[in-house]
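Thank you all for making time this morning. I would like to walk you through one model slowly, so please keep the structure open while I talk.

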Amino acid sequence: MAEVTAPVSAEQQPKGFKLLRVQDNLVTICKAGKKAAFLNHGSKDVEFPSKGNIVKPATQELLKAIYDTDESYTQLIEAPKDYKAPWQQGK
Amino acid sequence: MSVITAISLAACPKARAGIKTIWAANCAQVDTLTFNATREITAITMVVATPANVFKRIDFEENTAFFNQAKVRNKSAVNVTQTISFVEPGLSNTVRNALEDLNGNCCLHIIVLDNSNNYHYAGISFDIESEEWSSDKMKTGEGSSNTNTDPTADQAEYIETVVGNSIFYAPFWTLGEAGIPV
């Protein structure tokens, strides 16, 4: 039988990328790469009928993908110390 | 047989008149807007406590809607009156009720898609010095429901406007249609 691992929210992870604002029922629509991304600021699933899906709590992978996309997302996400995003290269 | 040699695209400005679609939401549903260094909106944070908290889409007939931003200077201050005007052809209970719901909102945020595929975020003012934004309490203005008179020249239609006063022209929205929560 396959082992199912529950997603760990960014809030529950002490290290790595962190949401600057942690709050249930708050979802940010932004970009991760070239695609639109739904970023859940809480620790519970959020029903987002717009796209017919459930937005799960943010994972480290998603936070990193968003952070790497645009400098303005430093207003939403804090990166680990000494981390350099692609948009910081050469700065 | 003739041969057509392809030429490079010329750098004409994207300037086609008119708007195609708007998406409207009540101000209270929008928690935060994120701006980048070039003053464009790169993210929107929505309160999703109830399923209804999303933008409502309104599509228009071709060449029937516009988004006008009229700027005036009052001594040291600038004011931009943002007006969205559109025609809904035909009188129906569905459109009537949709317009009634739109008129029930006294603070709207509206994303406007123009015919040059630019997205404008109307209904807010963004202060570039403080990097703070605020809602402009944009709401419906004048309108009409008219059967008109001449079947050979006219149509029955609703005309609706949405109006707000902003600090400047509406900022651009960078997330495209995929990033609008509907």
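**Strands, sheets and the contact between chains**

Let me begin with one pair of strands in chain B, where strand β7 (residues 108–114) is joined to β8(B) by four bridges, the two running antiparallel. If you look for a single place to fix your eye on, take B:V112, which stands opposite B:H120 in β8(B). Before I go further, please keep in mind that this is a predicted model.

That pair belongs to an open sheet of four strands in chain B, which has the order β4-β1-β7-β8 and antiparallel pairing. At the edges stand β4 and β8 of chain B, and because each has a single partner strand, one side of each is left without a neighbour in the sheet. Neighbouring strands of this sheet are turned by 20° against each other on average, if we ignore direction.

How sure is the predictor of these parts? Chain B averages a pLDDT of 92, and 98% of its residues score at least 70. Within chain B, the two edge strands I have just named come up again: confidence is lowest in strand β4 (residues 56–59), with a mean of 90, and highest in strand β8 (residues 119–122), at 98. For the model as a whole, the scores are ipTM 0.85 and pTM 0.88.

Now please turn to another open sheet of four strands in chain B, with the order β5-β6-β12-β11 and again with antiparallel pairing. Here the edges are taken by β5 (66–74) and β11 (139–146) of chain B, each of which has a single partner strand, so one side of each is left without a neighbour in the sheet. From one strand to the next, the twist averages 15°. Inside this sheet, strand β6 (residues 77–89) of chain B pairs with strand β12 (residues 157–166) of chain B over 10 bridges, in the antiparallel sense, and B:V87 stands opposite B:I159 in β12(B). Helix α1 (residues 93–103) of chain B packs on the sheet, where the helix touches β6, β11 and β12 of chain B, and its direction makes about 15° with that of β12(B).

There is also a hairpin to look at, formed by β9(B) and β10(B) with four residues between them, and in its turn B:E131 has a positive phi of about 60°. Four bridges join strand β9 (residues 124–127) to strand β10 (residues 132–135), both of chain B, and B:I124 stands opposite B:S135 in β10(B).

Next, the nonpolar interior. The largest nonpolar core has 53 residues, and those that touch the most other members are A:V27, A:I66, B:I22, B:I110, B:I111 and B:V112. Take B:I22 as an example: leaving aside neighbours within four places in sequence, B:I22 is in contact with B:I58, B:I84, B:I110, B:I111 and B:V112, the last of which you met earlier opposite B:H120.

Finally, how do the two chains meet? Contact involves 19 residues of chain A and 20 residues of chain B. On the side of chain A that touches chain B, β2 (26–32) and β4 (46–48) of chain A are the elements that give two or more residues, and the largest share, six residues, comes from β2(A). The residues on that side divide into 10 nonpolar, five polar and four charged. Strand β2(A) also pairs across the chains with strand β3 (residues 41–47) of chain B, in the antiparallel sense and over four bridges, and there A:T28 stands opposite B:T45 in β3(B).

Definitions and conventions
Residues are numbered from 1 along each chain as its sequence is written. Chains are lettered from A and ligands numbered from 1 in the order in which they are written. This is a predicted model: local features need pLDDT of at least 70, side-chain atom pairs count only at pLDDT 80 or more; totals for chains, interfaces and linings use all residues. Two strands pair if DSSP finds at least two bridges between them. Axes are lines fitted to C-alpha atoms, for helices over the stretch in contact, and angles run from 0 to 180 degrees between N-to-C directions. Two residues are in contact if their C-beta atoms, placed from the backbone, lie within 7 Å. Ala, Val, Leu, Ile, Met, Phe, Trp, Tyr, Cys and Pro count as nonpolar, Asp, Glu, Lys and Arg as charged, and the others, Gly among them, as polar. pLDDT is the predictor's confidence in each residue, from 0 to 100. A nonpolar core is a set of buried Ala, Val, Leu, Ile, Met, Phe, Trp, Tyr and Cys residues joined through C-beta atoms within 7 Å. A residue is buried if 20 or more other C-beta atoms lie within 10 Å of its own, exposed if 12 or fewer, and partly exposed in between; C-beta atoms are placed from the backbone.
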